[in-house]
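Reader: I'm new to this one. Could you take me through the salt bridges up close?

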Amino acid sequence: MSNSIIWLLPMDFVKQLVTLRKQQGLTQQALADAIDLHVNQIKRYEAGTAQPTLETLVRLAKELHTTLDDLVFEENQRGPSDDLKLQFEALSQFDNEDKKVAKAVLESLILKHNAKRAFAQ
């Protein structure tokens with residue numbers, strides 16, 4: 001059996017963890033102590049040779065005063081593309097009934113897209 005790691009987290013996690021830890025002025029040891037982990041585990045995370053559990057990710061995010069999204073993803077990696085941001089901002093101005101209609105239209109388009117992808121495979 002191989003000891004290779006199956007990466008579930010984006011590689012951006014490593015960079016984000018190091019950046020956020022340093023922004024908070026924490027050493028690897030201080031971060032490890034704060035979340036009740038051995039310092040070697042923090043070193044593994046920062047070297048990209050290990051991945052934290054969901055529970056550890058939550059503890060890291062809390063200690064680093066950030067969200068899970070900011071810890072795991074680069075800025076703007078998860079949001080809508082620039083060409084859709086204006087449309088979503090406009091949707092936020094709709095009254096509740098129009099929002100329901102827009103949401104139903106989007107959900108149907110997403111279902112159609114997913115069905116196309118499933119049948120293409």
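Author: Here is a walk through the salt bridges, with a little background first.

This is a predicted model, so to speak: local features need pLDDT of at least 70, side-chain atom pairs count only at pLDDT 80 or more, and totals for chains, interfaces and linings use all residues. Residues are numbered from 1 along each chain as its sequence is written, and side-chain values use heavy atoms, with hydrogens and water left out.

The chain has seven helices and zero strands; both kinds are DSSP runs numbered from the N terminus, with helices being H or I over at least four residues and strands E over at least two. The structure holds two salt bridges, each being a side-chain nitrogen of Lys or Arg within 4 Å of a carboxyl oxygen of Asp or Glu.

Let's start with glutamate 46, which pairs with arginine 21, their closest N and O atoms being 2.5 Å apart. This pair links distant parts of the chain: glutamate 46 sits in helix 3 (residues 39-47) and arginine 21 in helix 1 (residues 12-23), 25 residues apart. Glutamate 46 counts as buried because its relative accessibility is 13%, and arginine 21 counts as buried because it has 8%. Buried means under 20% relative accessible area, exposed over 50%, and partly exposed in between (1.4 Å probe, protein chains only).

Now for the other pair: glutamate 55 bridges to arginine 59, with the closest N and O atoms 3.1 Å apart. Both lie in helix 4 (residues 54-63), four residues apart, or about one turn of the helix. Glutamate 55 is at 57% relative accessibility, so it counts as exposed, while arginine 59, at 25%, counts as partly exposed.
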